[in-house]
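Here is a short report on one protein model. Keep the structure open as you read.

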Amino acid sequence: MTAGAAQDARWMRAGLALARRGLGQVAPNPSVGALIVRGGVLLGRGVTTPGGRPHAETVALAQAEARFGPGAARGATAYVTLEPCAHHGLTPPCADALVRAGIARLVCPIEDPDPRVSGAGFARLRAAGVAVEVGLMAAEARAINAGFLSRHERGRPRLVLKLATSLDGRIAMASGESRWITGAAARRRVHLMRAEADAVLVGIGTALADDPMLDVRGFGAAPPQPVRVVADARLALPAGSRLAATAGALPLWLLHGPDAAAAAAERLTGAGAVLLPVPVDGAERLDLATGLARLAERGITRVLAEGGGRLAAALVAAGLVDEIALFQAGLAIGAEGHGCLGPLGFERLAEAPRFRLVAHERIGADTLSRWVRD
């Protein structure tokens with residue numbers, strides 16, 4: 001690797017680290033990192049602001065000018081982790097801002113699949129004489145913005161299924177007791193995963209059995225909070241549940257069937273919940289693919305599904321799980337306990353979806369394995 005290539009890799013790594021900071025705070029926008037560098041000196045840096053605006057490039061250019069004066073970015077290299085936008089939305093195009101600033105070179109990993117951009121940002125920069133280099137650390141950039149890319153390329157959010165099990169794959173005792181299979185360190189990691197997600201999804205069975213809050217705790221006074229989503233075909237969530245009682249303060253969306261009782265719908269909307277109707281099959285099971293598409297329509301790019309076993313199995317069987325985050329504790333519960341997955345309905349091994357191990361680590365006394373769909 002040449003010295004120039006090594007420097008490009010160094011700055012792009014820094015940009016990707018910035019981009020990761022915005023996860024869970026910028027949907028439906030991507031989380032982008034941007035650095036303005038000249039002569040090996042960092043002039044300014046930025047990340048997409050919570051809420052999605054201003055964009056990272058604008059923040060980095062403003063910082064460069066504030067630190068080094070007007071025209072500071074002229075002749076510099078911009079390292080941006082996603083193609084600069086080229087359309088007029090609530091803010092002017094970032095590609096134009098880079099051209100006006102006099103950037104001489106852009107290094108960027110990947111194109112933006114948003115049809116309003118999709119190569120137009122690169123084209124605008126090249127037309128202005130900026131040297132545009134695309135492809136450095138593309139895999140890493142795609143991984144960070146996998147949710148944004150999935151929403152545009154597949155029409156649904158990226159979905160991570162979180163499972164917390166015993167060594168023998170159980171999520172609860174026969175009695176339903178499940179607190180706590182994994183330890184405090186693993187639970188803290190789950191809260192971080194929630195903070196980086198746009199939405200947390202559970203089934204109505206889990207909502208009724210555990211009465212969860214599904215919020216983020218332990219990361220300061222005002223951590224980013226995901227939208228809480230319940231797959232609830234009949235709108236059975238009680239008004240007295242913690243989810244419904246806090247719907248006015250923390251977003252609560254309910255995926256429900258078309259025949260849910262009007263009285264239940266009125267009660268829950270009155271509490272502040274958003275109702276999203278989706279089709280059901282003959283057994284009144286929700287069409288989860290349509291449910292995820294509904295979430296994408298409302299700007300959700302990253303979903304963390306937390307259970308229970310029936311919902312997890314339905315997501316796996318429908319091919320909607322992009323990654324499994326498997327926390328395992330060093331205890332055995334036995335066959336009488338509740339399994340982490342409900343029935344899948346596969347008759348042959350060849351039908352079972354396969355996942356590829358991409359990471360494995362120790363979390364306190366437990367382990368976390370991350371598996372992605374082949």
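## A salt bridge between two strands

In this predicted model, the side chains of arginine 105 and glutamate 133 form a salt bridge, at 2.9 Å from N to O. Arginine 105 sits in strand β4 (residues 105-108). Glutamate 133 sits in strand β5 (residues 131-134). The two are 28 residues apart, so the pair links distant parts of the chain.

Is glutamate 133 buried or exposed? Glutamate 133 is partly exposed, because its relative accessible area is 36%. Salt bridges with shared partners also join Asp8, Arg105 and Glu133 into one network.

## More charged pairs

The structure holds 18 salt bridges. One of them joins the side chains of arginine 156 and aspartate 322, at 3.0 Å from N to O. Arginine 156 lies in the loop between α6 (146-154) and β6, and aspartate 322 in the loop between α12 and β13 (323-328). They are 166 residues apart in sequence, so the pair ties those parts together. Both arginine 156 and aspartate 322 are buried.

Arginine 194 pairs with glutamate 306 in another salt bridge. Their closest N and O atoms are 2.7 Å apart. Arginine 194 belongs to helix α7 and glutamate 306 to strand β12, so this pair ties together parts 112 residues apart in sequence. Arginine 194 counts as buried because its relative accessibility is 9%. Glutamate 306 counts as buried too, at 14%.

## The nonpolar cores

In soluble globular proteins, nonpolar side chains tend to be buried together. Here, the largest nonpolar core has 41 residues. Which of them touch the most other members? They are Ile36, Leu61, Ala78, Tyr79, Ile103, Leu106 and Leu125. Helix α1 (residues 3-21) gives this core its largest share, six residues. A second, separate core has 30 residues, including Leu276, Leu288, Val316 and Phe355.

Leucine 106 touches several residues beyond four places away in sequence, among them Ala78, Phe122, Leu125 and Glu133. In helix α12 (residues 309-317), the buried residues include Leu311, Leu315 and Val316. Glycine 319, just after α12, takes a positive phi of about 70°.

## The second largest pocket

The second largest pocket holds about 400 Å³ of space. It is lined by 15 residues, and the closest to its centre are Arg20, Glu196, Arg302, Glu323 and Arg370. Elements that give two or more residues to this lining are β6 (158-165), α7 (184-195) and β12 (302-307). How many lining residues are nonpolar, polar and charged? Eight are nonpolar, none are polar and seven are charged.

Terms used
Residues are numbered from 1 along each chain as its sequence is written. This is a predicted model: local features need pLDDT of at least 70, side-chain atom pairs count only at pLDDT 80 or more; totals for chains, interfaces and linings use all residues. Side-chain values use heavy atoms; hydrogens and water are left out. A nonpolar core is a set of buried Ala, Val, Leu, Ile, Met, Phe, Trp, Tyr and Cys residues joined through side-chain atoms within 4.5 Å. Buried means under 20% relative accessible area, exposed over 50%, partly exposed in between (1.4 Å probe, protein chains only). Helices (H or I, at least four residues) and strands (E, at least two) are DSSP runs, numbered from the N terminus. Contact means heavy atoms within 4.5 Å. On a 1 Å grid over the protein atoms alone, a cavity is a set of points where a 1.4 Å probe fits but cannot get out, and a pocket is an open set with protein on both sides within 12 Å along at least five of seven lines; lining residues have an atom within 4 Å of a point. Grid points are joined across faces, edges and corners, and a volume is the space filled by probe spheres set on the points. Ala, Val, Leu, Ile, Met, Phe, Trp, Tyr, Cys and Pro count as nonpolar, Asp, Glu, Lys and Arg as charged, and the others, Gly among them, as polar. A salt bridge is a side-chain nitrogen of Lys or Arg within 4 Å of a carboxyl oxygen of Asp or Glu.
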